[in-house]
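Student: Got a minute to go through a model with me? I'd like to start with how we label residues by accessibility.

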Amino acid sequence: MDVKSTPSYLYWLFCQFELITCSYLMEPWEKVLFYSFNLAMLGLLLYTAYVCVAFHASSAFQLLCSFLGNPRENALSVVK
């Protein structure tokens, strides 16, 4: 892809988005509300995914470390 054609491609994608969501029919103030809501939802989704992925990766890493190493701590020491 050419660098010069990148802005025109992004504009084409935005036009496709407007056609799919029918937002080209909205008034300017409606577009602002619609895009603000969509961006807020996208931000919340990305933040939630980041937090959950980080939590699950940390848990998986701790579980892997407990399986692979640390021979001092085993099931018998937990029972005692």
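Tutor: Sure. Buried means under 20% relative accessible area, exposed means over 50%, and partly exposed is in between. Keep in mind that this is a predicted model.

Student: OK, so is Glu 18 buried or exposed?

Tutor: Glu 18 comes out at 12% relative accessibility, so it counts as buried, since the cut-off is under 20%.

Student: Where does Glu 18 sit?

Tutor: Glu 18 is in helix α1.

Student: And what does Glu 18 touch, not counting residues up to four places away in sequence?

Tutor: With those left out, Glu 18 touches Ser 23, Tyr 24, Lys 31 and Tyr 35.

Student: A Lys on that list, nice. How many salt bridges turn up in the whole structure?

Tutor: The search finds one. Lys 31 pairs with Glu 18, and the closest N and O atoms are 3.1 Å apart. The salt bridge links distant parts of the chain: Lys 31 belongs to helix α2 and Glu 18 to helix α1, 13 residues apart.

Student: Why can side chains like that pair at all?

Tutor: Opposite charges can pair when the charged atoms come close.

Student: Is Lys 31 buried or partly exposed?

Tutor: Partly exposed: Lys 31 has a relative accessible area of 21%, and buried would need under 20%.

Student: Let's move to the loop. Where is Ser 23?

Tutor: Ser 23 lies in the loop between α1 (6-21) and α2 (28-68). Its relative accessible area is 0%, so Ser 23 is buried. Setting aside neighbours within four places in sequence, Ser 23 is in contact with Glu 18, Lys 31, Phe 34 and Tyr 35. That list includes both partners of the salt bridge, Lys 31 and Glu 18.

Student: What about Cys 22, what's its phi?

Tutor: Cys 22 has a positive phi of about 60 degrees, although it is not a glycine. Most residues other than glycine have a negative phi. Cys 22 is also in the loop between α1 and α2, and at 39% relative accessibility it counts as partly exposed.

Student: Back to Phe 34 and Tyr 35. How many aromatic pairs are there?

Tutor: The count is four aromatic pairs. Phe 34 and Tyr 35 form a tilted one, with 5.7 Å centre to centre and 50 degrees between the planes. Ring pairs also link Phe 14, Phe 17, Phe 34 and Tyr 35 into a cluster. As for cover, Phe 34 is partly exposed, with a relative accessible area of 24%.

Student: Let's zoom out. What's the overall pattern along the sequence?

Tutor: The chain reads α-α-α, with three helices and zero strands. Of its 80 residues, 4% count as buried. The accessible surface comes to about 7,400 Å², and 73% of that belongs to carbon and sulfur atoms.

Student: Which residues does UniProt list as "transmembrane region"?

Tutor: The unreviewed UniProt entry lists residues 32-53. In the model, residues 32-53 are 100% helix and 0% strand, and the end C-alpha atoms are 31 Å apart.

Student: Last one: which element has the lowest mean pLDDT?

Tutor: That's helix α3 (residues 75-79), with a mean of 52, while α1 has the highest at 92. The chain averages a pLDDT of 84, and 82% of the residues score at least 70.

Technical notes:
Residues are numbered from 1 along each chain as its sequence is written. Side-chain values use heavy atoms; hydrogens and water are left out. Helices (H or I, at least four residues) and strands (E, at least two) are DSSP runs, numbered from the N terminus. Buried means under 20% relative accessible area, exposed over 50%, partly exposed in between (1.4 Å probe, protein chains only). Contact means heavy atoms within 4.5 Å. Accessible areas come from the Shrake-Rupley method with a 1.4 Å probe; for residues, only the protein chains shown count as cover. Rings of Phe, Tyr and Trp (its six-membered ring) pair if their centres lie within 6.5 Å; planes under 30 degrees apart count as stacked, over 60 as edge-to-face and the rest as tilted. pLDDT is the predictor's confidence in each residue, from 0 to 100. UniProt positions are given in the numbering used here, feature names are shortened, and annotations may be inferred rather than shown by experiment. A salt bridge is a side-chain nitrogen of Lys or Arg within 4 Å of a carboxyl oxygen of Asp or Glu.
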